[in-house]
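Biologist: I am new to reading structures, and I would like a close look at a single part of this one. Please choose a stretch, go through it slowly with me, and then show me how it fits into its surroundings.

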Amino acid sequence: MDRDRILAWVRDERLGLADLLDDLGPDDWSVPSLCSDWTMHELAAHLTTSTRTTVMSMIRGAIRARGDFDRMTSQEARALAVRFTPAELIARLRETAGSPRRAPLTSPLDPLVDALVHGQDVARPLGRSREMPTEQAVAAVGHVLASPFYGARKRCRGTRLVATDADWSAGTGPDEVRGPVSELLLLSTGRPAGLAAVTGPGRARIASALSGASA
């Protein structure tokens, strides 16, 4: 897939996220996001890291987190949330929205997944509506399922995912899960919120895989 096109998608999603965050009220910033470990403030801090993480900063973070990637990411977000106000974080997100820089070991599609999914992590707990573009969501969910990073292979094992709003499907399992591609992306990245809009015999299988799972 053309990298310039992906970069344009990422820029648009980041700028849309900045607008969404800019619309939050003072009380919204302490609300838990769909990433249960993070408040909206901490999630906003995480969104600014993709274009600023270097090999050295990742090594230092990994040492502090004793090699646990999830712990490293959470620690970094919390530290930045203490250091920067919401307004400063929004400005930082806008500042590098179109940057081609990305965290070490990631692919061009990883920042797109990050922006699409975290947009829902912000919007849904606050009762906001944020549309996920279909073409971008198809590219993102395909990447998530192919990558070993997100845990989607284990999470979606035994199911066939079928989009109801796009010509897309994946998986060869006996149990089918049907729904909008945006919801399939949420499920593949570990968000139980996606269960509400999907149907099929595979729904229970994925729900079981997600139970107790940390997003």
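Modeller: Let's begin with the labels: helices (H or I, at least four residues) and strands (E, at least two) are DSSP runs, numbered from the N terminus. Please keep in mind that this is a predicted model. The part I have picked is helix H9 with the loop after it; in that loop, between H9 and H10, we find Thr189.

Is Thr189 buried or exposed? Its relative accessibility is 7%, and buried means under 20%, so Thr189 counts as buried. Its side chain reaches back to the backbone oxygen of Leu185, at 2.9 Å. Look next at residues that are further off in the sequence. Leaving out those up to four places away, Thr189 touches Val113, Val117, Val144, Tyr150 and Arg155.

One of those partners, Tyr150, deserves a short stop. Searching the whole structure gives 1 aromatic pair. That pair is Phe149 and Tyr150: their ring centres are 5.0 Å apart and their planes stand at 85°, so the arrangement is edge-to-face. The two residues sit in contrasting surroundings. Tyr150 is buried because its relative accessibility is 15%, while Phe149, with a relative accessible area of 51%, is exposed.

Back to the loop. Just after H9, Gly190 takes a positive phi of about 90°. Most residues other than glycine have a negative phi. Leu105 makes a useful comparison here, as it has a positive phi of about 75° although it is not a glycine. Leu105 belongs to another loop, the one between H5 and helix H6 (109-123). With a relative accessible area of 86%, Leu105 is exposed.

What about Arg191, which lies in the loop between helix H9 (181-188) and helix H10 (202-210)? A student might look for a charged residue on the outside, but Arg191 has a relative accessible area of 6%, so it is buried. Its side chain has a partner: a polar contact of 2.8 Å joins Arg191 to the side chain of Asp121. For a sense of distance, take Arg191 and Val162: they are 29 residues apart in sequence, and their C-alpha atoms are 17 Å apart in space.

Now step back into the helix that leads to this loop. How many residues of H9 are buried? The count is 8 of its 8 residues, so H9 is mostly covered (buried means under 20% relative accessible area). They are Val181, Ser182, Glu183, Leu184, Leu185, Leu186, Leu187 and Ser188. Notice that serines and a glutamate are in this list along with the leucines. The cover over these buried residues includes H6, H7, helix H8 (152-155), S1, strand S3 (175-179) and H10.

H9 also has a part in something wider. The largest nonpolar core has 32 residues, and Leu145, Leu161, Trp168, Leu185 and Ile206 have the most contacts inside it. Leu185, then, is both one of these well-connected core residues and the residue whose backbone oxygen the side chain of Thr189 reaches. At least two residues of this core come from each of H1, H6, helix H7 (134-146), strand S1 (159-163), H9 and H10. H7 gives the most, with 6 residues.

Ile206 shows what such a core residue touches. Setting aside residues up to four places away in sequence, its contacts are Arg155, Cys156, Thr159, Leu161, Val177, Leu187 and Leu195. Leu187 is in H9, and Arg155 is a residue that Thr189 touches as well. Apart from this core lies another, of 24 residues, among them Trp38, Ala45, Val122 and Leu126.

Finally, here is a neighbour for H9 to follow on your own screen. Helix H6 is part of the cover over H9, and Ala115 lies in H6. Ala115 is buried, as its relative accessible area is 3%. Its C-alpha atom is 7.0 Å from that of Val10, although the two are 105 residues apart along the chain. Not counting neighbours within four places in sequence, Ala115 is in contact with Glu13 and Leu17.

How values were computed: Residues numbered from 1 in each chain as written. Predicted model: local features only at pLDDT ≥ 70, side-chain atom pairs only at ≥ 80, totals over all residues. Heavy atoms only, no water. Buried < 20%, exposed > 50% of the residue type's maximum accessible area, 1.4 Å probe, protein only. Polar contact = N/O pair within 3.5 Å; in protein donor to acceptor, adjacent residues only side chain to side chain. Phe/Tyr/Trp six-rings, centres within 6.5 Å; stacked < 30°, edge-to-face > 60°. Contact = heavy atoms within 4.5 Å. Core = buried A, V, L, I, M, F, W, Y, C linked by side-chain atoms within 4.5 Å.
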